[in-house]
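Here is a quick tour for anyone meeting this structure for the first time. Keep the 3D view open and follow along.

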Amino acid sequence: MILNSVNARRALSLLVFYTLCLAVLVIVAYPVLWMLLGSLKESWEVTTYPFSLPLQPTLENYREAWQVAKFGRAFINSIFITAVSLGGILTISTMAGYVFAKLDFPGKMFLFYFWLAGMMVPPHVSIIPNFILLDRLHLINSYLSLFVIYFSSTSFGVFVMRSFFITVPTEILEAARIDGCSELGVFWRVALPLARGGLAVIAIFYFVFLWNDFMYPLTFLRDPKLNTIPLALMSFRDIWSADWGPMLAALSLASLPPVIFYFFFQKQFIRGMTAGALKG
Amino acid sequence: MQANSSLRWAQPRSRLRISTQRSLTAYLLLLPGLIFYVPFHILPILGVFFFSLLDWKGFSFATMKWVGLENYSKMLGDRFFWGALKNNIQFVIVVIVVQTVLALALALILEQKFKLSTFFRGVYFMPTVLSLVVVGILFGFILSPSQGLINVFLRNIGLGNIQPVWLGDPKLALYVLMAVHMWKEFGLSMFLFIAGLEAIPEELFDAAKVDGASAWDVIWRIIIPLLRETITVVVILSTIVCFKLFDLVVVMTGGGPFFATEVLSVRMYYQTFKFNHVGYGSSIAVVLFLITFAVSGMQFWLRTRGEKVEY
């Protein structure tokens with residue numbers, strides 16, 4: 001009897017759990033699903049039958065967004081900016097992280113905390129002086145403005161890479177030195193391969209940030225040819241406020257890279273983003 | 001014998017050489033980062049304090065005028081500044097309470113490890129990787145008064161007399177933004193709680209079960225006290241994220257209707273880049289800086305106080 005009541009209670013709580021989880025699932029996933037399904041419908045269909053499946057799925061919206069609205073250009077611009085910035089950030093972060101973890105030199109702790117403090121500065125605070133400085137340097141309306149700003153936002157990367165390099169045993173590095181490896185060789189050929197996990201964490205964190213960043217391109221870029229995806233989406237919305245099909249296709253295209261990466265590398269994503277949340 | 005003594009003799013000199021060599025390598029590897037970090041990340045903080053003391057309408061240096069603390073006294077009498085601060089604070093309070101409770105409840109449920117629980121977690125986290133511009137535009141469609149999903153749904157189930165204009169209603173708009181913000185962000189808080197729960201030793205729960213504690217007792221007397229640190233982190237983190245609120249407001253409402261959703265970052269941005277009040281915009285940025293600096297300073301202090309920092 002006791003066993004039965006325990007089982008019944010277990011079943012009841014499972015029922016409650018599933019109901020709650022399904023409700024949240026619908027709230028979280030349905031808007032995204034609606035966006036993807038709507039992108040395969042014609043615009044009149046999106047507004048007339050918003051809840052139905054596409055009558056005749058078509059990729060016409062994607063074609064229109066990509067070609068007619070020049071979303072393709074924005075997509076390629078975003079890939080370019082994300083790739084270059086990510087390359088720079090990873091290079092800077094691994095080098096500095098290694099130095100702070102494994103080398104001794106005068107001023108080490110001061111420099112480390114000086115660099116770490118950058119995480120406490122929200123981007124909005126420095127946008128005005130940054131704009132003025134970049135304007136003086138004639139970098140406004142050029143991707144260089146974005147690159148220098150992104151290359152300066154490395155505090156989180158340095159911090160994470162340092163914590164990964166600390167776990168690399170110093171004896172291995174010493175052994176390499178005794179075998180005649182140069183200081184740079186020790187870093188590049190011995191330490192770095194052992195700290196790959198850290199690279200994955202910061203690469204994911206910065207990829208999401210760079211791909212989705214809105215404020216810096218909004219402020220620094222003027223020429224529509226230079227538009228990144230978020231900027232292109234904003235100008236599409238004004239053009240297509242009544243034409244939801246192509247707009248939903250553009251939104252889907254913008255979301256696909258991070259969402260697909262996320263479902264492939266879920267564990268690393270969650271690790272990277274929660275670490276970023278804790279430190280940022 | 002001879003080799004040995006010559007080695008001993010050579011050691012101090014080569015050790016010195018090695019240490020300078022390592023210092024040089026260190027500085028060399030730090031240099032590329034510092035070249036960008038100092039002028040574009042540290043200098044602007046000094047810059048924004050300096051600009052906040054100026055009356056400066058444009059971006060040409062010739063029009064700069066030193067006014068001391070005038071921008072700050074103007075701020076005290078600016079009811080739109082206070083309105084924006086009020087919106088920020090309201091946003092922070094509602095989001096902290098609702099999101100923390102929701103995330104904790106879901107984390108507790110999903111930690112029960114039933115079928116599909118990993119799937120649920122995975123999907124709940126997905127919105128965090130989306131762009132706020134995508135989220136803002138998408139929910140703009142969903143909340144559209146005439147053709148949006150929600151109002152159409154209300155009409156379909158016979159509640160056609162309830163047709164809120166959502167983002168167009170000054171009383172509702174801020175709450176709508178909070179809901180969208182939480183839709184995107186709650187997964188992060190949830191995973192912080194899951195990590196916290198996984199750190200609690202299993203024996204504690206077994207012991208409680210043996211002692212006949214109810215689920216409610218376990219939650220209130222074991223889990224919540226042990227999660228105190230995680231709760232602090234989640235609350236502080238949500239606070240910082242709420243003060244960074246910018247993209248969603250710009251995309252969805254532009255601060256309207258009638259300033260109902262204008263927050264500090266948005267007011268700072270529009271004052272500076274729309275109306276060219278660089279000095280005044282900078283003084284708002286300084287306030288924003290002081291608030292977030294205080295909050296993240298608190299987080300730093302709480303986390304480093306005695307506890308070891310992981311990751």
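## A helix in the open

Let's start with a small detail in chain B: just after α8(B), B:G212 takes a positive phi of about 80°. Bear in mind that this is a predicted model.

What about the helix that comes just before that glycine: how many of the nine residues of α8 (202–210) of chain B are buried? The number is zero, so helix α8 of chain B lies largely in the open.

## How sure is the prediction?

For chain A, the average pLDDT is 89, and 97% of the residues score at least 70. The elements of chain A do vary, though. Helix α7 of chain A (residues 143–152) has the highest mean pLDDT, at 96, while helix α15 of chain A (residues 266–279) has the lowest, at 76.

A word of caution as you look around: where pLDDT is low, the predicted coordinates should not be read in detail.

## Two domains in chain A

Chain A splits into domain 1, covering 2–59, and domain 2, covering 61–279. Measure from C-alpha centre to C-alpha centre and these two domains of chain A are 34 Å apart.

They do meet: 10 residues of domain 1 of chain A are in contact with 10 residues of domain 2 of chain A. On the domain 1 side of that contact, α1 (2–38) and α2 (43–48) of chain A each supply at least two residues. Sort that same side of domain 1 of chain A by class and you get four nonpolar, four polar and two charged residues.

## Where the chains meet

Now zoom out to both chains. How many residues does the contact take from chain A and from chain B? It takes 71 from chain A and 71 from chain B.

On the chain A side, α1(A) gives the most, with 11 residues. By class, the side of chain A that touches chain B has 53 nonpolar, 14 polar and four charged residues.

## The nonpolar core

Finally, look inside. The largest nonpolar core has 154 residues, and those with the most contacts inside it are A:L233, A:A250 and A:L251. Chain B takes part too: its helix α7 (residues 173–198) gives the most to this core, with 12 residues. From chain A, domain 1 (2–59) and domain 2 (61–279) each contribute at least three residues to the core.

For a close-up, pick A:A250. Leaving aside residues up to four places away in sequence, A:A250 touches A:A65, A:F71, A:L233 and A:F236. As background, nonpolar side chains tend to be buried together in soluble globular proteins.

Conventions. Residues are numbered from 1 along each chain as its sequence is written. Chains are lettered from A and ligands numbered from 1 in the order in which they are written. A nonpolar core is a set of buried Ala, Val, Leu, Ile, Met, Phe, Trp, Tyr and Cys residues joined through C-beta atoms within 7 Å. A residue is buried if 20 or more other C-beta atoms lie within 10 Å of its own, exposed if 12 or fewer, and partly exposed in between; C-beta atoms are placed from the backbone. Helices (H or I, at least four residues) and strands (E, at least two) are DSSP runs, numbered from the N terminus. Domain bounds come from an automatic or database domain assignment. Two residues are in contact if their C-beta atoms, placed from the backbone, lie within 7 Å. Ala, Val, Leu, Ile, Met, Phe, Trp, Tyr, Cys and Pro count as nonpolar, Asp, Glu, Lys and Arg as charged, and the others, Gly among them, as polar. pLDDT is the predictor's confidence in each residue, from 0 to 100.
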